[in-house]
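Hi,

Here is the structure I promised to pass on. Please open it next to this email, and I will walk you through what turned up.

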Amino acid sequence: MTATITAIIEQINQQLLGKEHQIKQALGCIFANGHLLLEDVPGVGKTTLAHALAISCGLSYQRVQFTSDMLPADLIGVSIFDTSQQQFTFHQGPVFNQVLLADEINRTSPKTQSALLEAMAERQVSVDGKTYPLPDPFFVIATQNPLEHSGTFELPDSQLDRFSMCISLGYPSVEAEKKILQGKQIRGEQLQAIMDKQSLQQFQTRAAAVSVSEPVLDYLLALVQETRVNSLYPHALSPRASQAILAVAKAWAMIEGRDYLLPEDIQAILPGATEHRLRGTNQRTGQSYSEQLLHSINPIG
């Protein structure tokens, strides 16, 4: 692990105590050039993690609190008639940042949620027949509350599939929560940019260049195919999902200090990369579908 990656993980871990594994997963998602969904109950640090990631990576960002009355134009922007020039002028919305922090994304209507589909897939938005490119790099880091909470709207499958990873933070350990109550974690205003856009892009290039042997690739394909041929899985993994698994696994291998992929890298990130796509738990065994998938296919070779 390079000194820069170590410094980022340590800085975020000083604010979000005891969550190093989730921090590494989130950072791997960024290095894989993917979008990140943070799903958990309120108050466990989802927004804190998103905020710390954006600052640590030195990216421009804007937080948007999603509400039931939000409109697509509140995200993308709106064309306003300029009387002095006698023409419409497009005013950019918060999506024109390198990081969009979509807080409680499932508290807005499906119409507004769908406004992000083009942005997440193609890094551009279309308004009034014109296409506007988004900044490079561009990430959506979204948080959502469990669906059983009041006032939430389920994200459509097409949007869930555009998130490379979905991770949960869970409650802190007793020791970590004690330090939080004692005020021993660093505050948001103390966070510093540890890398810049150019450094981030270099890490993304290094992650993409991680070598993958054919047996390891066959193992990944066997996992994906299992969800398509086995009726136990109500939702199969798409080709977009297999690409995301490979990209994040390669980023995880780079974070671990290797330039080649191991089955263990795929296993480390598979729950985060697939659970929001497979969605659910096997009622007979009590296992999540991602856990069931890991246990059903053995590494090849």
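A word on names before anything else: helices (H or I, at least four residues) and strands (E, at least two) are DSSP runs, numbered from the N terminus. Residues are numbered from 1 along each chain as its sequence is written, and side-chain values use heavy atoms, with hydrogens and water left out. This is a predicted model, in which local features need pLDDT of at least 70 and side-chain atom pairs count only at pLDDT 80 or more, while totals for chains, interfaces and linings use all residues.

**The sheet**

A good place to begin is the open sheet of five strands, which has the order β2-β5-β8-β1-β9 with parallel pairing; two strands pair if DSSP finds at least two bridges between them. At the edges stand β2 and β9 (163–167), each with a single partner strand, so one side of each is left without a neighbour in the sheet. From one strand to the next, the twist averages 15°. Here axes are lines fitted to C-alpha atoms, for helices over the stretch in contact, and angles run from 0 to 180 degrees between N-to-C directions.

Strand β5 (residues 99–103) is worth a closer look. Five of its five residues are buried, so β5 is largely enclosed by the rest of the structure. Buried means under 20% relative accessible area, exposed means over 50%, and partly exposed is in between (1.4 Å probe, protein chains only). Both faces of β5 are covered, with Val99, Leu101 and Asp103 buried on one side and Leu100 and Ala102 buried on the other.

How is β5 joined to strands β2 and β8? Five bridges join β5 to β2 (residues 61–65), and the two run parallel; four bridges join β5 to β8 (residues 139–144), again in parallel. Leu100 in β5 stands opposite Gln62, and its bridge partner in β8 is Val140. Ala102 has Ala142 as its bridge partner in β8.

**Helices around it**

Helix α2 (20–31) lies across β1, β8 and β9, running at about 170° to β9.

Helix α3 (residues 46–56) holds Ser56 and Ala50. Ser56 counts as buried, at 0% relative accessibility, and so does Ala50, at 1%. Leaving aside neighbours within four places in sequence, Ala50 is in contact (heavy atoms within 4.5 Å) with Leu38, Leu101 and Ile141. On that same basis, the contacts of Ser56 include Ile8, Gln11, Gln192 and Met195.

Helix α10 (residues 214–229) has 16 residues and reaches 22 Å from its first C-alpha to its last, close to the 22 Å expected at 1.5 Å a residue. That expected span is 1.5 Å times one less than the number of residues. The buried residues of α10 are Val216, Tyr219, Leu220, Leu223, Val224, Glu226 and Thr227. They cover an arc of only 150° around the axis, which puts them on the same side of α10; the arc is that of the directions from the helix axis to the C-beta atoms. These buried residues pack against α11 (239–255), α12 (263–278) and α13 (289–296). Turned away from that buried side is a face carrying the exposed residues Glu214 and Val229. For a sense of scale, Ala50 and Glu214 are 164 residues apart in sequence and 35 Å apart in space, C-alpha to C-alpha.

**Loops to look at**

Gln98 sits in the loop between β4 (87–92) and β5, and at 13% relative accessibility it counts as buried. A polar atom of the Gln98 side chain lies 2.9 Å from the backbone nitrogen of Ser60. Leaving aside neighbours within four places in sequence, Gln98 is in contact with residues including Gly58, Pro135, Pro137 and Lys197.

Pro137 belongs to the loop between β7 (130–133) and β8. The peptide bond from Asp136 to Pro137 is cis, with omega near 5°. Most residues other than glycine have a negative phi, and most peptide bonds are trans.

Which residues have a positive phi? Two examples are Asn33, with phi near 60°, and Glu104, with phi near 55°. Asn33 lies in the loop between α2 and β1 (35–39) and counts as partly exposed, at 35% relative accessibility. Glu104 is found in the loop between β5 and α5 (110–113).

Happy exploring!

How values were computed: Polar contact = N/O pair within 3.5 Å; in protein donor to acceptor, adjacent residues only side chain to side chain.
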